Amino acid sequence: PAMRPWRPKKAGGGRPKPGVDYPGIGAGALVFNSAGEVLLLKRSSEARTNPGHWDRPGGAVDFGEKGEAAVQRELLEETGVRVANLRLWDVTEELTERTHWLALGFVADMSDGEAVNKEPHKHDALGWFPLHLLPSPLTAYTAAALHKVKASHPAPPWQGVRFLQPVVEL
């Protein structure tokens with residue numbers, strides 16, 4: 001039998017939103033190109049959370065979708081990029097007065113596609129950045145993940161970096 005998603009009831013009717021009416025689950029990735037640069041998106045100035053901050057691509061995990069599949073889907077939707085060597089890197093939690101998200105953070109190598117901002121209504125910009133010249137401001141979880149990358153691979157220019165040790169075995 002097919003799984004039916006559990007849906008919390010929203011006071012006053014309407015469809016409840018993940019991350020707002022109940023904790024949401026997200027998945028994002030630090031994607032590296034062959035030059036060792038990381039792909040980042042600048043969140044819209046109108047974004048509900050972290051407006052104007054640079055962030056790793058990603059989004060919500062749909063019911064019945066695995067985290068790896070969600071991040072691959074989100075990368076295609078947001079940037080047109082396909083990845084290889086996708087590995088779990090961190091798990092973060094963002095809890096504010098208005099939102100609550102748990103996120104699976106991955107690292108990956110770009111394998112195909114050309115990075116373009118496919119969702120300009122959500123992102124003001126997209127760019128590839130060397131780890132020693134990162135834009136500002138970064139979301140807290142993106143900054144923490146990038147710090148961990150730099151600590152685990154201290155020698156620039158980070159070309160040909162491959163992430164073979166996951167933080168958690170899936």
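Which residues of α2 are buried? In this predicted model, they are Tyr-141, Thr-142, Ala-145, Leu-146 and Val-149. Viewed down the axis of α2, these buried residues fall within an arc of 130°, so they line one face of the helix. The points below describe this helix, then strand β2 and its partners, and finally Asn-50 in the loop between β2 and β3.

**Helix α2**

- Helix α2 covers residues 140-152, 13 residues in total.
- From its first C-alpha to its last, α2 reaches 18 Å, which is close to the 18 Å expected at 1.5 Å a residue.
- An α-helix has 3.6 residues a turn, so residues three or four places apart point the same way.
- Ala-140, His-147 and Ala-151 are exposed on the other side of α2.
- The buried residues of α2 pack against five strands: β1 (24-32), β2 (38-43), β3 (54-55), β5 (82-95) and β6 (100-112).

**Strand β2 and its pairings**

- Strand β2, one of the elements packed against by the buried residues of α2, is mostly covered, with five of its six residues buried.
- With β1, strand β2 pairs in the antiparallel sense over two bridges, and Phe-32 stands opposite Val-38 of β2.
- β1 and β2 form a hairpin in which five residues lie between the strands. Gly-36, located in the turn, has a positive phi of about 85°.
- With β7 (residues 123-129), strand β2 runs antiparallel and is joined by six bridges. Here Leu-41 stands opposite Leu-126 of β7.
- With β3, strand β2 again pairs in the antiparallel sense, over two bridges. The bridge partner of Leu-41 in β3 is Asp-55.
- Leu-41 is therefore placed opposite Leu-126 in β7 and is also bridged to Asp-55 in β3.

**Asn-50 in the loop between β2 and β3**

- Asn-50 lies in the loop that links β2 and β3.
- Asn-50 has a relative accessibility of 18% and counts as buried, because the cut-off for buried is under 20%.
- A polar contact of 3.2 Å joins the side chain of Asn-50 to the side chain of Glu-94.
- Neighbours within four places in sequence aside, Asn-50 is in contact with Arg-43, Glu-94, Thr-139 and Tyr-141. Of these, Tyr-141 is one of the buried residues of α2.

Notes. Residues numbered from 1 in each chain as written. Predicted model: local features only at pLDDT ≥ 70, side-chain atom pairs only at ≥ 80, totals over all residues. Heavy atoms only, no water. Helix = DSSP H or I, 4+ residues; strand = E, 2+ residues; numbered from the N terminus. Expected span 1.5 Å × (residues − 1). Buried < 20%, exposed > 50% of the residue type's maximum accessible area, 1.4 Å probe, protein only. Arc of directions from axis to C-beta. Contact = heavy atoms within 4.5 Å. Pairing = 2+ DSSP bridges. Polar contact = N/O pair within 3.5 Å; in protein donor to acceptor, adjacent residues only side chain to side chain.
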